[in-house]
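Work through the exercises below with the model open beside you. Try each task before you read its solution.

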Amino acid sequence: MNIKRRQIIRGGLAAAAAALLPQPLLAAVWPQKAFESKKVADTISSLTGGAAVSEDGRIAIKAPEIAENGAVVPVGVSADMDKVETIAILVDNNPLPLTSSYELQGASSPEVSTRIKMLKTSDVIALVKADGKYYSASKNVKVTIGGCGG
Amino acid sequence: MAKKLKVRTKREDGYTVVKTLITHPMETGLRKGSDGKLVPAHFIKEVVFKAGGKVVFRAHWGTGIAKNPYLSFRFKGGDAGDDLEIAWVDNTGESDTTTVKIK
């Protein structure tokens with residue numbers, strides 16, 4: 001009986017916490033379709049809504065030439081552009097190419113660094129939306145030990 | 001279930017640099033466990049940063065982000081002592097939040 005009561009209390013607390021938290025989290029929609037696309041072209045068209053994407057040298061991708069461990073590959077993307085709205089980081093040869101997408105609010109600098117997983121040697125693609133238009137850049141990263149799945 | 005959310009801030013040249021480290025398995029759902037069965041997907045979907053009550057940065061993550069995720073970015077403004085609020089939520093509905101003072 002005690003256990004049950006505790007469970008109820010715990011459940012109630014969790015629900016209360018959940019009610020408090022998601023307010024800022026639900027404001028923007030997680031792009032499910034883009035995250036579930038298995039082909040990089042589909043991912044990109046899902047993110048852009050089919051808009052044209054031009055390659056642009058103002059986007060810099062910082063990643064190792066050779067990543068020994070595909071489970072942890074440090075990647076940084078910066079865009080020397082005005083009015084950058086979003087930055088997405090994709091890996092062409094991953095089972096699900098879209099690793100992440102970042103929404104920049106007015107004050108944030110057009111740059112982000114994180115660590116991604118890579119199944120095998122692949123192009124890492126940065127897709128940047130600036131002033132309503134889409135730009136991209138890519139960089140090949142060689143992977144010696146893959147980092148997706150067993 | 002030790003949840004960890006580490007945040008470091010540093011002000012430089014009118015910007016606030018934010019570095020975050022979250023303890024999380026970031027399971028893809030494609031990996032097999034020692035019992036040969038697939039380990040269910042368990043990954044953070046969203047991380048939100050708020051300074052002074054306003055969202056300054058929002059990350060949407062998929063399974064391609066490495067275990068124990070690291071994230072850094074910077075934003076203009078932010079004074080010493082300002083509140084920076086960080087919140088994440090994963091695909092199972094688990095979440096965590098913390099507030100730090102900008103240094």
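**Exercise 1. Contacts along chain B**

Task: Find what share of the contacts in chain B between residues at least 6 apart in sequence join residues at least 24 apart.

Solution. Start with the term: two residues are in contact if their C-beta atoms, placed from the backbone, lie within 7 Å. Keep the contacts in chain B between residues at least 6 apart in sequence; 53% of them join residues at least 24 apart. Repeat the step for chain A, again with residues at least 6 apart, and 66% join residues at least 24 apart.

Two notes on reading the model. Residues are numbered from 1 along each chain as its sequence is written, while chains are lettered from A and ligands numbered from 1 in the order in which they are written. The model is predicted: local features need pLDDT of at least 70, side-chain atom pairs count only at pLDDT 80 or more, and totals for chains, interfaces and linings use all residues.

**Exercise 2. Confidence**

Task: State how confident the predictor is in each chain, and find a stretch of chain A where the pLDDT is below 50.

Solution. The pLDDT is the predictor's confidence in each residue, from 0 to 100. Chain B averages 93, and 97% of its residues score at least 70. Chain A has a mean of 86, with 78% of its residues at 70 or more. Now look at residues 19-27 of chain A: the pLDDT there is below 50, yet this stretch has twelve contacts in the model beyond near neighbours in sequence. Where pLDDT is low, the predicted coordinates should not be read in detail. For the complex, the predictor gives an ipTM of 0.93 and a pTM of 0.86.

**Exercise 3. Elements and burial**

Task: List the helices and strands of each chain, then give the buried share.

Solution. Helices (H or I, at least four residues) and strands (E, at least two) are DSSP runs, numbered from the N terminus. Chain A has four helices and nine strands. Its pattern along the sequence is α-α-α-α-β-β-β-β-β-β-β-β-β. Chain B has zero helices and seven strands. The C-alpha trace of chain B spans about 50 × 20 × 20 Å along its principal axes.

Next, burial. A residue is buried if 20 or more other C-beta atoms lie within 10 Å of its own, exposed if 12 or fewer, and partly exposed in between. Of the 150 residues of chain A, 35% are buried. For the 103 residues of chain B, the figure is 38%.

**Exercise 4. Two positive phi values**

Task: Decide whether D13(B) is buried or exposed, and do the same for M26(B).

Solution. Take D13(B). This residue sits in the loop between β1 and β2 of chain B. Its phi is near 50°, a positive value in a residue other than glycine. D13(B) counts as exposed because it has 7 C-beta neighbours inside 10 Å.

Take M26(B). Its loop runs between β2 and β3 (44-51) of chain B. M26(B) also has a positive phi, about 50°, and is not a glycine. With 22 other C-beta atoms within 10 Å, M26(B) is buried.

**Exercise 5. A sheet across both chains**

Task: Trace the open sheet of six strands and name its edges.

Solution. Strands of a sheet pair through backbone hydrogen bonds, either parallel or antiparallel. Here two strands pair if DSSP finds at least two bridges between them. The order is β2(A)-β4(A)-β7(A)-β5(B)-β2(B)-β1(B), with antiparallel pairing. The edges are β2 (59-62) of chain A and β1 (4-12) of chain B; each has a single partner strand, so one side of each is left without a neighbour in the sheet. From one strand to the next, the twist averages 15°.

Check the join between the chains. β7(A) and β5 (residues 70-76) of chain B pair over two bridges. There, T114(A) has L71(B) as bridge partner. Within chain B, β2 (residues 15-23) and β5(B) pair over seven bridges. V18(B) has F73(B) as bridge partner.

**Exercise 6. The interface**

Task: Describe the side of chain A that touches chain B.

Solution. Count first: 36 residues of chain A are in contact with 36 residues of chain B. The elements that give two or more residues to the chain A side are α2 (22-25), β6 (98-104) and β7 (111-116). β6(A) gives the largest share, seven residues.

Conventions. Axes fitted to C-alpha atoms, helices over the stretch in contact; angles between N-to-C directions.
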